[in-house]
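Colleague: Got a minute to walk me through this one? I'd like to hear about the pocket, the core and the charged pairs.

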Amino acid sequence: MPYQLLTSEATFALGEIQTSKRGQKFAPICASQPLWQLTSLDDPLYCPFGAGVYQGNGTETRLNLDVRLSDASRATFEALDKRFKEQIEKKYKLKSSYHPMVHDDGEYGARLRMKVSTQGMTAGMFWSPNKERLGTVRDIETRGARIVPVVAFSKVWMMGGLHGVTLELRHAIVAQTLGQEADFDWPMEVQEDPF
């Protein structure tokens with residue numbers, strides 16, 4: 001596997017509250033590992049929507065990308081939500097409410113939203129199962145795709161009576177896209193890091 005699989009046992013340390021250039025309060029997150037793979041290579045997650053920003057005009061440099069969680073990944077993120085909520089409330093004594101990473105509206109099942117940069121050093125890169133670089137989120141049709149996300153927990157955000165955790169997509173292996181059948185066998189083990 002290119003990266004260690006995320007488990008509910010992953011450890012995180014929360015930094016001190018800072019103010020961004022735009023005036024938003026946040027605190028950096030330091031994880032026991034900088035990047036985490038969300039699923040195994042034989043269990044990619046489904047993207048029900050394309051990457052984008054609500055009411056965006058197409059020029060945004062940070063997009064949202066939702067993935068539908070499997071039962072196992074949902075349990076992991078619900079456990080992490082519980083731990084983050086307790087850690088944040090204990091450290092910062094906030095009066096705002098925790099906004100969980102796991103969302104379930106019934107129609108699309110349990111989902112996780114990730115931020116994806118379109119440019120710069122943290123731009124989310126997409127790869128084929130054969131370790132070929134496919135490009136950034138702007139180069140890939142994400143609606144209907146099945147991906148293996150590799151993410152970073154970047155910060156605790158605080159805004160408008162809510163607080164939560166920002167999860168950033170750094171890499172994704174694209175298992176299949178809309179209308180395409182997966183026609184390959186996942187390797188049981190990846191011998192080298194393609195990234």
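**Salt bridges, core and pocket**

Modeller: Sure. One salt bridge joins the side chains of glutamate 168 and arginine 170, at 2.8 Å from N to O. Keep in mind that this is a predicted model.

Colleague: Is glutamate 168 buried or exposed?

Modeller: Glutamate 168 counts as buried, because its relative accessibility is 10% and the cut-off for buried is under 20%.

Colleague: How many salt bridges does the structure hold?

Modeller: Nine. Among them is the one where the side chains of arginine 113 and aspartate 66 meet, again with the N to O distance given as 2.8 Å. Arginine 113 sits in strand β9 and aspartate 66 in strand β6, so this pair ties together parts that are 47 residues apart in sequence.

Colleague: And how exposed are arginine 113 and aspartate 66?

Modeller: Aspartate 66 is buried, at a relative accessible area of 5%. Arginine 113 is partly exposed, at 45%.

Colleague: Which residues are linked with them in a network of salt bridges?

Modeller: The network links Asp66, Asp105, Arg111 and Arg113.

Colleague: What about a salt bridge inside a helix, where would I look?

Modeller: Try helix α1, where glutamate 89 and lysine 85 lie four residues apart, about one turn of the helix. Their side chains meet in a salt bridge, 3.2 Å from N to O. Glutamate 89 is partly exposed, with 30% relative accessible area, and lysine 85 is partly exposed too, at 37%.

Colleague: OK, switching to the core. Which residues touch the most other members of the largest nonpolar core?

Modeller: Phe77, Phe84, Met101 and Phe153, out of 40 residues in that core. At least two core residues come from each of β1 (12-14), β3, β6, α1 (71-92), β9, β12 and β13.

Colleague: What does phenylalanine 77 touch?

Modeller: Leaving aside residues up to four places away in sequence, phenylalanine 77 contacts Leu6, Leu38, Leu69, Met101, Val102, Leu112, Phe153 and Leu167. Met101 and Phe153 turn up again there, having already been named for touching the most other core members.

Colleague: Now the largest pocket. How much space lies in it?

Modeller: About 980 Å³. It is lined by 29 residues, and the closest to its centre are Gln24, Arg62, Lys115, Lys155 and Thr166.

Colleague: Which strands supply the lining?

Modeller: β3 (25-31), β6 (62-68), β9 (110-117), β12 (146-159) and β13 (162-176) each supply at least two residues. β13 gives the most, with five.

Colleague: And how does the lining split by class?

Modeller: Ten nonpolar, nine polar and ten charged residues.

Colleague: Last topic, backbone. Which residues other than glycine have a positive phi?

Modeller: Two to look at are glutamine 55, with phi near 60°, and lysine 131, with phi near 70°.

Colleague: Where is the place of each, glutamine 55 and lysine 131?

Modeller: Both are in loops. Glutamine 55 is in the loop between β5 (45-46) and β6, while lysine 131 is in the loop between β10 (125-127) and β11 (133-136).

Colleague: Buried or exposed, for glutamine 55?

Modeller: Glutamine 55 is exposed, because its relative accessible area is 69% and the cut-off for exposed is over 50%. Lysine 131, at 38% relative accessibility, counts as partly exposed.

Terms used
Residues numbered from 1 in each chain as written. Predicted model: local features only at pLDDT ≥ 70, side-chain atom pairs only at ≥ 80, totals over all residues. Heavy atoms only, no water. 1 Å grid on protein atoms, 1.4 Å probe; cavity = no way out; pocket = protein on both sides within 12 Å on 5 of 7 lines; lining within 4 Å. Points joined across faces, edges and corners; volume = space filled by probe spheres on them. Nonpolar A, V, L, I, M, F, W, Y, C, P; charged D, E, K, R; others polar. Core = buried A, V, L, I, M, F, W, Y, C linked by side-chain atoms within 4.5 Å. Buried < 20%, exposed > 50% of the residue type's maximum accessible area, 1.4 Å probe, protein only. Contact = heavy atoms within 4.5 Å. Salt bridge = Lys/Arg side-chain N within 4 Å of Asp/Glu carboxyl O.
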